[in-house]
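Let us take a walk through this chain together, one residue at a time. Have the viewer open and follow along.

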Amino acid sequence: ESADARPGAILEQTPNPGIRVPITSTVSVIIARGQTLTLPDVVGYDLDVVQEGLESEGLLLNIEEVWSTEPEGRVLSQEPAPESEIQSGSTVTLTVSGGVNLPIPLGVNLGNRVVLEEARLLKFTYQAGENIPVTLRWRCVEPLDRSYKVFVHLLTADMGTLITQQDIEPVNGLKPTQTWQPGEVVNDPHQLAIPEGTPPGSYQIRVGMYDAAGRLPVVEAGEADVVDNTIFVAEIVINP
């Protein structure tokens with residue numbers, strides 16, 4: 001066990017360097033195992049505050065950026081868990097906020113025909129009367145033999161009241177689903193108008209597809225929360 005050398009480094013060897021030996025000789029080495037460390041809790045700190053200290057302990061960091069409304073660089077989770085005993089040289093995975101400019105990963109499979117891969121929002125706080133721009137990224141899996149509309153709903157946080165909605169064919173009607181080909185990716189922008197007089201508070205944006213027979217069923221939720229074949233995209237706040 002060594003506090004000074006990275007695990008796997010050779011500390012000593014026998015025979016010593018420079019000695020001529022037969023080609024069949026055995027060479028013995030002593031290898032640094034690394035010291036045992038107690039992993040601190042770094043969740044909630046900024047990456048640039050904790051990175052140097054963790055690496056100075058001989059830990060290897062795997063940084064994963066994800067979409068989040070937390071400030072960019074904020075550590076959201078860590079693996080192994082805080083207070084775990086690990087060896088220097090071990091890999092620690094830190095999940096950090098990439099901010100809201102990253103896409104929201106969804107990966108929702110609708111009817112084994114189309115996947116809602118991700119969504120993008122420009123911001124998450126609004127005033128009543130403003131528009132909410134939402135861009136959905138669809139990927140066609142199997143041919144769609146009929147026209148599906150996309151619905152974008154704004155609901156109260158408890159999903160008890162529908163505040164407003166938009167129902168339209170993808171890309172403002174310019175890219176109907178029956179024209180999609182397997183493997184094709186469709187970027188689908190929407191504008192959801194917030195009615196004047198909408199009370200301040202938190203609201204959900206949920207989306208999906210439907211035709212005359214009903215909503216296209218979700219068969220795999222991916223990374224999203226799905227209720228009654230509606231896909232949760234994000235929570236937004238309407239300010240006073």
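A good place to begin is a single polar contact: the side chain of Asp-211 reaches the backbone nitrogen of Ala-213 at 2.9 Å. Please keep in mind that what you are looking at is a predicted model. Asp-211 belongs to strand 15, which covers residues 201–211. Its relative accessible area is 14%, so Asp-211 counts as buried, the cut-off for that label being under 20%.

What does Asp-211 touch, once residues up to four places away in sequence are set aside? The contacts are Arg-146, Ser-147 and Tyr-148. Val-150 makes a useful marker as well: 61 residues separate Val-150 from Asp-211 in sequence, while their C-alpha atoms are 9.1 Å apart in space.

Asp-211 is also part of a wider arrangement. A network of salt bridges links Arg-113, Asp-145, Arg-146 and Asp-211. Within that group you can pick out the bridge between Asp-145 and Arg-113, where the closest N and O atoms are 3.8 Å apart. This pair connects distant parts of the chain, 32 residues apart: Asp-145 sits in the loop between strand 11 (131–140) and strand 12, and Arg-113 in the loop between strand 8 (104–110) and strand 9 (114–121). Are these two partners buried or exposed? Asp-145 counts as exposed because its relative accessibility is 57%, and Arg-113 is partly exposed because its relative accessible area is 24%.

From Arg-146, move on to Thr-177, which you will find in the loop between strand 13 (162–168) and strand 14 (185–193). Thr-177 has 0% relative accessibility and therefore counts as buried. Its side chain makes two polar contacts that are worth displaying: one reaches the backbone oxygen of Arg-146 at 2.8 Å, and another reaches the backbone nitrogen of Tyr-148 at 2.8 Å. Leaving out residues up to four places away in sequence, Thr-177 touches Leu-144, Arg-146, Ser-147, Tyr-148, Pro-170 and Met-209. Arg-146, Ser-147 and Tyr-148 will be familiar, as Asp-211 touches them too.

Next, look at the aromatic rings. By the rule used here there are 2 aromatic pairs. One of them joins Phe-151 and Tyr-210 in a tilted arrangement, with 6.2 Å from centre to centre and 45° between the planes. Here too distant parts of the chain are linked, since Phe-151 lies in strand 12 (residues 149–156) and Tyr-210 in strand 15, 59 residues apart. Phe-151 counts as buried because its relative accessibility is 2%, whereas Tyr-210, with a relative accessible area of 23%, is partly exposed.

Finally, let us return to the charged residues. The structure holds 11 salt bridges. Among them is the one in which the side chains of Asp-46 and Arg-74 meet, at 2.9 Å from N to O. Asp-46 is in the loop between strand 3 (36–38) and helix 1 (47–56), and Arg-74 is in the loop between strand 4 (60–66) and strand 5 (75–79), so this bridge ties together parts 28 residues apart in sequence. Asp-46 is partly exposed at 29% relative accessible area, and Arg-74 is likewise partly exposed at 22%. Another bridge brings together the side chains of Glu-184 and Lys-175, at 2.8 Å from N to O. Glu-184 is partly exposed, with a relative accessible area of 22%, and Lys-175 is partly exposed at 26%.

Terms used:
Residues are numbered from 1 along each chain as its sequence is written. This is a predicted model: local features need pLDDT of at least 70, side-chain atom pairs count only at pLDDT 80 or more; totals for chains, interfaces and linings use all residues. Side-chain values use heavy atoms; hydrogens and water are left out. Helices (H or I, at least four residues) and strands (E, at least two) are DSSP runs, numbered from the N terminus. Buried means under 20% relative accessible area, exposed over 50%, partly exposed in between (1.4 Å probe, protein chains only). Contact means heavy atoms within 4.5 Å. A polar contact is a pair of N or O atoms within 3.5 Å; within protein, one must be able to donate a hydrogen and the other to accept it, and residues adjacent in sequence count only if both atoms are side-chain atoms. Rings of Phe, Tyr and Trp (its six-membered ring) pair if their centres lie within 6.5 Å; planes under 30 degrees apart count as stacked, over 60 as edge-to-face and the rest as tilted. A salt bridge is a side-chain nitrogen of Lys or Arg within 4 Å of a carboxyl oxygen of Asp or Glu.
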